[in-house]
Amino acid sequence: MNLRRKIIKFFAETMNIKEHSSSPSGDHPVTDKDPLSIHVAENVITLESIYADCSDVMFRHFLIGNRTKAVLIYIDGMSNIEEIDKNMLTPLMRQEIETHFDVRTILEQALTVSSVKEIKTLEDIIKEVSSGNPVVLIDQQLQGFAAGLSKWEKRSIQEPSAESVVRGPRDGFIETVSTNIVLLRRKIKSPHLKTKTINIGRYSQTEVVIMYIEGIADKTLIDEVQNRLNRIDIDGILESGYIEEFIKDHPFSPFPLILNTERPDITAASLLEGNVVILTDGTPFALIAPTTFYSLLQSPEDYYEGFIIGTFIRWLRYTFLLVALLLPSVYVAILTYHQEMIPTSLLISVAKSREQIPFPALVEALIMEITFEALREAGVRLPKNIGSAISIVGALVIGQAAVSAGLVSAPMVMAVAITGISSFLIPRYSASIALRILRFPIMFLAGTLGLVGIMLALLTIIIHMCTLRSFGVPYLQPLAPIRKSELKDSIIRAPWWSLKKRPHWTGDYNKDRQPNGQIPSPAKGNE
Amino acid sequence: MMERGKISPVQMALLMNPAISATVLLLVPAITAKQAHRDLWLSPIWASLIGFFVVFITYQLNKLYPKETIIEYSEQILGKLVGKLVGAVFLLFYLHITGIIVREYGEFLSGAFLQHTPIAVIIGTMVLVCSFAVIGGLEVIGRASEIIVPIVMLLYLFIFILLLKDLEIENMFPIMEKGIKPSLMGSIVPQSWFSEFLLISFFLPYVKNKKKGMKWGMISVISVMLLMVLTNMMNLLLFGNLTPSLTYPVMIAARYISIADFLEHLESIVMAIWIAGTFIKITVFYYVLALGTAQWLKLSEYRPVVLPLGFLVLLHGLWSARDLQELSHFLATSGAVYILSVQVVIPVILLLVAFIRKKVQQRKGSLQNESPINH
């Protein structure tokens, strides 16, 4: 306990030192909140010194109504140039105006752009230009304006490859946060769906959007999420994983305490259950908080197929979760300590296949498991067109050659293969890697203490999971502590018309999902 | 307050069930059978009376001092010096008992499964795992019990079902052939186990819904009683007069299981679920020991004493007996008196003194209208 505190303190201190030494004092004056100069030339000089050596920043000088000097600033490739030409430069340069005018009249009379914003400081200019909005500064005016004409290349909406379903929507989030918000708004059209934007990252200024449904999500939860996000001080956020590690309740736990998904339907369902969603610009992965362990074992398809099938598949998943975690360890334990558990005929064939193997069962299992993990990792990294070839070679190498060379036994190959396949039954990748890691310490304990070791490992894991909380919600929520109404949607998947209550996360807040008595039955009075 | 967590009455009941039954199912059927012979299934019913009595006394004491454990209120009741002394008796007792429990655990595993592993390793790893739970706090222990206990119970009942075809009902008759006496004599040793319900005096201050505390405490006693009756009945119907001569009858019973020539030798499964139950049992005792020690020493936090106490528990486990025979003999003879006198007699004295004090104070305070609890 104390050691842990010390480690945290140490990290905190080193972080502070770094923060002081790398404060952006020598850099451009981002924090400059001074008003603009009245002379456009002066502003341009300041901006050009800020954007020195930025060849992609464009300064386009022109005259409004052939008289007043003005400058248009934008970043090449981030703004819609056709629109700028047609709706900004054309009206402004052809404008006939009096000597005395202000920015507001231009915005009201000349500019044919729907989204415009007045600008008063250098900071505003830098912010708008960096996000792709062209800025116009005018001589003899203390204000400029920015037009919302940003446009950059983005990926089209595709089916998320890691979370595919047979039945269900096939759209996935993309790297642009505004598109992702649209995807959610199309599913939840209520004005109660709120979005709050903050920028995190001293250099990256990444847009991070908190989304929730007002009236369903708990207010203290929303505040807590916001507070934790506001505490983050880092130079750049490139993926939501950065945020996840900063706001996790238990930083040293291998279990994912915040769910991440690429699927808008999962995200929308979580919003409707009262969760808070964190979208990060630049990544298709949304974060959902709070998260319980059983929600990591759910697939959206559980809810789209019939409830009997959903329940069956859930049980299949729970069973193979245990298989993925325990099978190699149980195999090692039984072979080493509890041979009497194997029926005689099976024992003979296992013993025959192990006759030539030079290693004890534990070493054999470790070699196989590590090789399998390496193959799997290689399969992800390899270019797609050779990936399949390598996996065939890998399968042949471990499967056939290793057995016939007498390095590993055939039952062990089977055990490892089943383990590998069952870890793919867990729908959330982050949960399955946590279990993959836990497999190794359990295997060591199984090799040293047999089934007793496995039990001790399981007990330790259970205790650890019982200590975990995600934003105040116990990680094993509907099972420990028991919540009767939520058991319907975790142990089984009850039919939709009987799931009347929302899971209550932190408070008892707007719990009813739907009214009673919606069980479909033949229409009455038709007899 | 030292423990900030709260548990529900159901969690308390779930904790207390394995805290009593985990070891009772192992050694006690044979010990009971030595006295009660064919009526051994009746003994737990008599023995459970002491369980109800202890729960009742503990609840009454808790009503007088709702926010304190027995270590704290014994000082209030008996005065500083005597109270501290009684507290020390309780702590040394629980240290000793926890040592005995881990020794039973170690003896069972090293006897039946891990013959070549040193017993210190077997005990040490278990104490270490339990210390994680104790450090986690009461809430964590409560939640862990909600997951572990139902699974353990279901698997245990499952083994019964698998044994059904081997049971012979004739072994039971005639019931009470020699009157009620043998079964009463046989109930003395289980009584000492039932008196362990005094442990709820350490949990009641942290139970959310106090009014249901008594009810769930009683339900817990009933569940332990039923479990013991069922176990003894199974042993009797399976082994008949052989039962007293077996050390671990339940274990041997599991060897009987043979379904479809494939489900055989399930004793490893029995051991696995039994470890889970014992884990809860050791954790409960260990937690009570740590919390009590910290309260006795007036520390602000109990977590620093957990690991040192764990080491002491390990040592007591190694010292408590030379071998299983000695341990079993102690539990069957002097152990019962020892355990009952600490866990029943002292609380009864405490309650009596507390009532007399309350009466005296009421007589005094009837003029000042003072509440005795806020004293």
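**Exercise 1: The sheet in chain A**

Work out which strands of the five-stranded sheet in chain A stand at its edges.

*Solution.* Step 1: write down the strand order. In this predicted model, the open sheet of chain A runs E6-E7-E9-E10-E8, with antiparallel pairing.

Step 2: look at who has how many partners. E6 and E8 (259-261) of chain A each have a single partner strand, so one side of each has no neighbour in the sheet. Those two are your edge strands.

Step 3: add the twist. From one strand to the next, it averages 25 degrees.

Step 4: see what lies on the sheet. Helix H7 (residues 219-231) of chain A packs there, touching E6, E7, E9 and E10 of chain A. The direction of H7 makes about 170 degrees with that of E7(A).

**Exercise 2: Pairs and a hairpin**

Find how many bridges link E6 to E7 in chain A, and describe what sits between these strands.

*Solution.* Step 1: a quick reminder. Strands of a sheet pair through backbone hydrogen bonds, either parallel or antiparallel.

Step 2: count. E6 (residues 193-200) and E7 (residues 206-213) of chain A are antiparallel, with eight bridges. Try spotting one of them: A:Leu193 is partnered with A:Ile213 in E7(A).

Step 3: go round the turn. Five residues separate the two strands of this hairpin, and A:Gly201 in the turn has a positive phi of about 110 degrees. The loop between E6 and E7 of chain A also holds A:Gln205, whose phi is near 50 degrees, positive even though the residue is not glycine. Worth a second look: most residues other than glycine have a negative phi, and most peptide bonds are trans.

Step 4: try another pair. E9 (residues 276-280) and E10 (residues 286-289) of chain A run antiparallel and share three bridges. Here A:Val276 has A:Ala289 of E10(A) as its bridge partner.

**Exercise 3: Hunting cis peptide bonds**

Locate the cis bonds that lead into A:Pro290 and A:Pro481.

*Solution.* Step 1: start at A:Ala289. Its bond to A:Pro290 is cis, with omega about -10 degrees. A:Pro290 sits in the loop between E10 and helix H10 (293-296) of chain A.

Step 2: move along to A:Ala480. The bond from there to A:Pro481 is cis too, with omega near -5 degrees. You'll find A:Pro481 in the loop between strand E12 (473-474) and helix H19 (484-487) of chain A.

**Exercise 4: Two helices in chain B**

Decide whether H4 and H12 of chain B are roughly parallel or roughly antiparallel.

*Solution.* Step 1: get the geometry. The axes of H4 (residues 80-112) and H12 (residues 267-296) of chain B come within 10 Å and cross at roughly 160 degrees.

Step 2: compare with the cut-off. Angles over 145 degrees count as roughly antiparallel, so H4(B) and H12(B) are roughly antiparallel. The crossing is left-handed.

Step 3: check who touches whom. Among the contact residues are B:Phe90 and B:Leu91 of H4(B), and B:Ile282 and B:Phe285 of H12(B). By class, this contact has 16 nonpolar, five polar and one charged residues.

**Exercise 5: Where the parts meet**

Find which helix gives the largest share of chain A's side of the contact with chain B.

*Solution.* Step 1: count both sides. 24 residues of chain A touch 28 residues of chain B.

Step 2: pick out the top contributor. Helix H18 (residues 451-467) of chain A supplies ten residues, the largest share.

Step 3: sort by class. Chain A's side has 19 nonpolar, four polar and one charged residues.

Definitions and conventions:
Residues numbered from 1 in each chain as written. Chains lettered and ligands numbered in written order. Predicted model: local features only at pLDDT ≥ 70, side-chain atom pairs only at ≥ 80, totals over all residues. Pairing = 2+ DSSP bridges. Helix = DSSP H or I, 4+ residues; strand = E, 2+ residues; numbered from the N terminus. Axes fitted to C-alpha atoms, helices over the stretch in contact; angles between N-to-C directions. Contact = placed C-beta atoms within 7 Å. Parallel < 35°, antiparallel > 145°, perpendicular 65-115°, else oblique. Left-handed = near helix turned anticlockwise from the far one by under 90°. Nonpolar A, V, L, I, M, F, W, Y, C, P; charged D, E, K, R; others polar.
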